[in-house]
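Open the model in your viewer and keep the sequence panel beside it. The stops below give a selection to make and then say what is there.

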Amino acid sequence: MNVVATETPSPAKRAEGANVVVVGAQWGDEGKGRLVDWLARDADIVVRYNGGHNAGHTLVVDDKIYKLALLPSGLVRGKRGVIGNGVALDPEALLAEIDRVAAQGLQVTPENLAISENATLVLPLHRDIDRAQEQLRRSPIGTTLRGIGPAYEDKVGRRGLRVCDLGDPASLAAKLDELVVYHNAWFRGLSLPEANSATILAGLLALAPRVLPFVRPVWSDLQAAQASGQKMLFEGSQAVMLDIDWGSYPYVTSSNTVASAAATGSGIGAKSLGHVVGVTKAYATRVGEGPFVTELHDAMGERLRATGREFGVNTGRPRRCGWLDMVQLRQSVQVSGIDSLALTKIDVLDGLDRISLCVAYTLDGERLDYLPASLATQARLTPVYEHFEGWSQPVQGMRDLASLPAQARAFIDRVASLAGVPISIVTTGPERQDTIVIRDPYQTAH
């Protein structure tokens, strides 16, 4: 494992058993993997608790770039990783990712990774369903076509396969036959090629010997870790605005992404979650379709995209860009129980003459201070902006709050004031050490 020698020293003492949850506070791509990597240095275990390989985390370590989708980011720090029951696990994608990081020198073994026995399996037929569903929609959602949504549909429909089924070939075959019969009726109705259970079974049985050594009752392991005072870091994928309940439905993911999902998706009690850090960029982005009140369709939007390198980790899709929406962010803070914010990519704003923050909306001439659930209503919203003087001195690479230009500090203070929670961390560049800690989430865990 490579460690940057110049990174900020770790505080000497931590509260025993202090846990931290990291959630995206916007539409994803906020830099959660980078933050988890940084926080993982003081954790004993890093837990992935939701989503699948439809979201990627990029970690830059020295001259290596790790692109992770299923593996917990803490593995790069040499910490133990857990894939919880809330994750939709594509075993083929997992093994490919393990092989990919092995080629970079990171060995993933049952000694440093555990997979929940009751995690949902993503099968090849789920990818076929995903593509067909997206083509049938009058307004495509913009899914990654990885099969995550259909796998979760099978889970809640009580017909899905789980990781533990890989250890019982006879039961696996019977359950798979039932699942294929169910979905082939739909395929036939649309005159689409039907799934072949024998082919899928053969593929699963071929993968099983490599997957099963990782499989454990991880909820029990986490309970034991909690009892012994070990520190756990819970790593969420996607973000609050993609939550199946609290996001811009139906342009959302198929799982819960708010902080409470860390409890249901891992088996740890909700009272043990600790401090919740919401990650937000200093501007806003989203991928795919759906409302985006502060989206910029001009040269400024293009500048943010180019400077911030706003392209999907897994898909390469260009991200839509706009100004930071404080109404949306404040709502995410409240519904997800966020205790503090990590403000990332503030360096992308370097050199701008003027920076804007959306502080409210107008709807038919009336001021509105929350984001309505109705998409039709959201489409009629007009952002109300506050404008800030930009800074000419680049903040990229700065590692001390006092060194930031006064204009940047004023911007940070205003974000915290409007969000209603403090800013605990600011990142000023892509490297691990480009991190300013204003308050330590582990010290404030509760």
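This is a predicted model. Begin with two helices, H2 and H6: their crossing is left-handed. To display the contact, select Pro91, Glu92, Leu95, Ile98 and Asp99 on H2, then Leu204, Leu207, Arg210 and Val211 on H6. Sorted by class, this contact of H2 with H6 holds 6 nonpolar and 3 charged residues, and no polar ones.

Now show both helices whole, residues 91-103 for H2 and residues 197-211 for H6. Their axes come within 10 Å and cross at roughly 50°. H2 and H6 are therefore oblique to each other, since oblique covers angles that fall outside the roughly parallel (under 35 degrees), roughly perpendicular (65 to 115) and roughly antiparallel (over 145) ranges.

**Aromatic pairs**

The next selections are rings. How many aromatic pairs are there? The count comes to 4. Select Trp27 and Phe292, which form a tilted pair, 5.2 Å centre to centre with 45° between the planes. Trp27 sits in the loop between strand S1 (20-24) and helix H1 (32-39), and Phe292 in the loop between strand S12 (284-286) and helix H9 (299-308), so this pair ties together parts that are 265 residues apart in sequence. Are these two residues, Trp27 and Phe292, buried or exposed? Both Trp27 and Phe292 are buried.

Move on to Phe388 and Phe411, an edge-to-face pair with 5.9 Å centre to centre and 90° between the planes. Phe388 belongs to strand S18 (residues 382-389) and Phe411 to helix H12 (residues 406-419), so the pair ties together parts that are 23 residues apart in sequence. Phe388 is buried, and Phe411 is buried as well. Add Trp391 to the selection: ring pairs link Phe388, Trp391 and Phe411 into a cluster.

**Arg162 and its contacts**

For the last stop, select Arg162, in the loop between helix H4 (148-156) and helix H5 (169-189). Arg162 is partly exposed, with a relative accessible area of 39%; that value lies between the 20% limit for buried and the 50% limit for exposed.

Which residues does Arg162 touch, leaving aside those up to four places away in sequence? Select Glu117, Asn118, Ala119, Thr120 and Leu121 to see them. Then check the backbone at Thr120: the C-alpha atoms of Arg162 and Thr120 are separated by 4.5 Å, although the two residues are 42 residues apart along the chain.

Key. Residues numbered from 1 in each chain as written. Predicted model: local features only at pLDDT ≥ 70, side-chain atom pairs only at ≥ 80, totals over all residues. Heavy atoms only, no water. Axes fitted to C-alpha atoms, helices over the stretch in contact; angles between N-to-C directions. Helix = DSSP H or I, 4+ residues; strand = E, 2+ residues; numbered from the N terminus. Left-handed = near helix turned anticlockwise from the far one by under 90°. Contact = heavy atoms within 4.5 Å. Nonpolar A, V, L, I, M, F, W, Y, C, P; charged D, E, K, R; others polar. Phe/Tyr/Trp six-rings, centres within 6.5 Å; stacked < 30°, edge-to-face > 60°. Buried < 20%, exposed > 50% of the residue type's maximum accessible area, 1.4 Å probe, protein only.
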